[in-house]
Amino acid sequence: VYQKSTSMGGVIDQYSSNSGSNQEFILTQTSNGYYRIVNSNSGYAVEVPGYSTSSGTQLDQWGLNGGSNQEWNFIAQ
């Protein structure tokens, strides 16, 4: 989470490891088999803002709301 933000709407970006809690996430499986990704530092979920389906949408963090924009599926390849 960019600049260790603890605010809703904080940007999720790619950055080299610095061992900060803003780079630690907790995965929790939901009842429908998807996962929530929650930042250890802020306690907010990684989400797709506004349920966007556009390529290149910037992810952010937001309070848990039960929305499908905060649900993730992992596929082994």
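Reader: Why is Gln-3 counted as exposed in this structure?

Author: In this predicted model, Gln-3 has a relative accessibility of 65%. A residue is called exposed when that value is over 50%, so Gln-3 counts as exposed.

Reader: Where does Gln-3 lie, and what is the sign of its phi angle?

Author: Gln-3 lies in the segment before strand 1, which covers residues 25-29. Its phi is positive, at about 50°, although Gln-3 is not a glycine.

Reader: Which other residue has a positive phi although it is not a glycine?

Author: Tyr-51 has a positive phi of about 60° and is not a glycine. Tyr-51 is found in the loop between strand 3 (45-47) and strand 4 (60-62).

Reader: What makes Tyr-51 partly exposed?

Author: The relative accessibility of Tyr-51 is 48%. Buried requires a value under 20%, and exposed requires one over 50%. The value for Tyr-51 falls in between, so Tyr-51 counts as partly exposed.

Reader: Why is Asp-60 called buried, and in which element is it found?

Author: Asp-60 is found in strand 4. Its relative accessible area is 10%. The limit for a buried residue is under 20%, so Asp-60 is buried.

Reader: Which residues does Asp-60 touch, leaving out those up to four places away in sequence?

Author: With those residues not counted, Asp-60 touches Gly-9, Gly-10, Val-11, Ile-12, Ala-45, Val-46, Glu-47 and Pro-49. To touch, in this sense, is to have heavy atoms within 4.5 Å. Between Asp-60 and Gln-3 there is a separation of 57 residues in sequence and of 13 Å in space, C-alpha to C-alpha.

Reader: How do you know that Gln-70 is buried?

Author: Gln-70 has a relative accessibility of 1%. Set against the limit of under 20%, this value places Gln-70 among the buried residues. Its place in the chain is the segment after strand 4.

Reader: With which residues is Gln-70 in contact, leaving aside its neighbours within four places in sequence?

Author: Its contacts are Tyr-35, Arg-36, Ala-45, Val-46, Glu-47, Trp-62, Gly-63, Leu-64 and Asn-65. The C-alpha atoms of Gln-70 and Val-38 are separated by 9.4 Å, and these two residues are 32 residues apart along the chain.

Reader: Is Gly-67 buried or exposed, and what decides the matter?

Author: Gly-67 has a relative accessibility of 8%. Because buried means under 20%, Gly-67 counts as buried. Gly-67 is found in the segment after strand 4. From Gly-67 to Arg-36 there are 31 residues in sequence and 10 Å in space, C-alpha to C-alpha.

Reader: Where is Glu-71 found, and what does it touch?

Author: Glu-71 is also found in the segment after strand 4. Not counting residues up to four places away in sequence, Glu-71 touches Thr-30, Asn-32, Tyr-34 and Tyr-35. The C-alpha atoms of Glu-71 and Arg-36 are separated by 5.3 Å, with their positions 35 residues apart along the chain.

Reader: Which residues line the largest pocket, and how much space lies in it?

Author: About 200 Å³ of space lies in the largest pocket. Its lining consists of Val-1, Tyr-2, Gln-3, Ile-12, Asp-13, Tyr-15, Asn-18, Asn-22, Gln-23 and Phe-25. By class, five of these residues are nonpolar, four are polar and one is charged.

Reader: Which elements of secondary structure does the protein chain have?

Author: The protein chain has zero helices and four strands. From the N terminus on, the order of its elements is β-β-β-β.

Reader: Why is the protein chain called as compact as a globular protein of its length?

Author: The radius of gyration of the protein chain is 12 Å, and the globule rule gives 11 Å for 77 residues. The two values are close, so the chain is as compact as a globular protein of that length. Along its principal axes, the C-alpha trace spans about 30 × 25 × 25 Å.

Reader: What share of the residues is buried, and how much accessible surface does the chain have?

Author: Buried residues make up 29% of the 77 residues. The accessible surface comes to about 5,200 Å², and 48% of this surface belongs to carbon and sulfur atoms.

Technical notes. Residues numbered from 1 in each chain as written. Predicted model: local features only at pLDDT ≥ 70, side-chain atom pairs only at ≥ 80, totals over all residues. Heavy atoms only, no water. 1 Å grid on protein atoms, 1.4 Å probe; cavity = no way out; pocket = protein on both sides within 12 Å on 5 of 7 lines; lining within 4 Å. Points joined across faces, edges and corners; volume = space filled by probe spheres on them. Nonpolar A, V, L, I, M, F, W, Y, C, P; charged D, E, K, R; others polar. Helix = DSSP H or I, 4+ residues; strand = E, 2+ residues; numbered from the N terminus. Buried < 20%, exposed > 50% of the residue type's maximum accessible area, 1.4 Å probe, protein only. Rg over C-alpha atoms; globule rule 2.2 N^0.38 Å. Areas by Shrake-Rupley, 256 points an atom, 1.4 Å probe, with all protein chains shown as cover.
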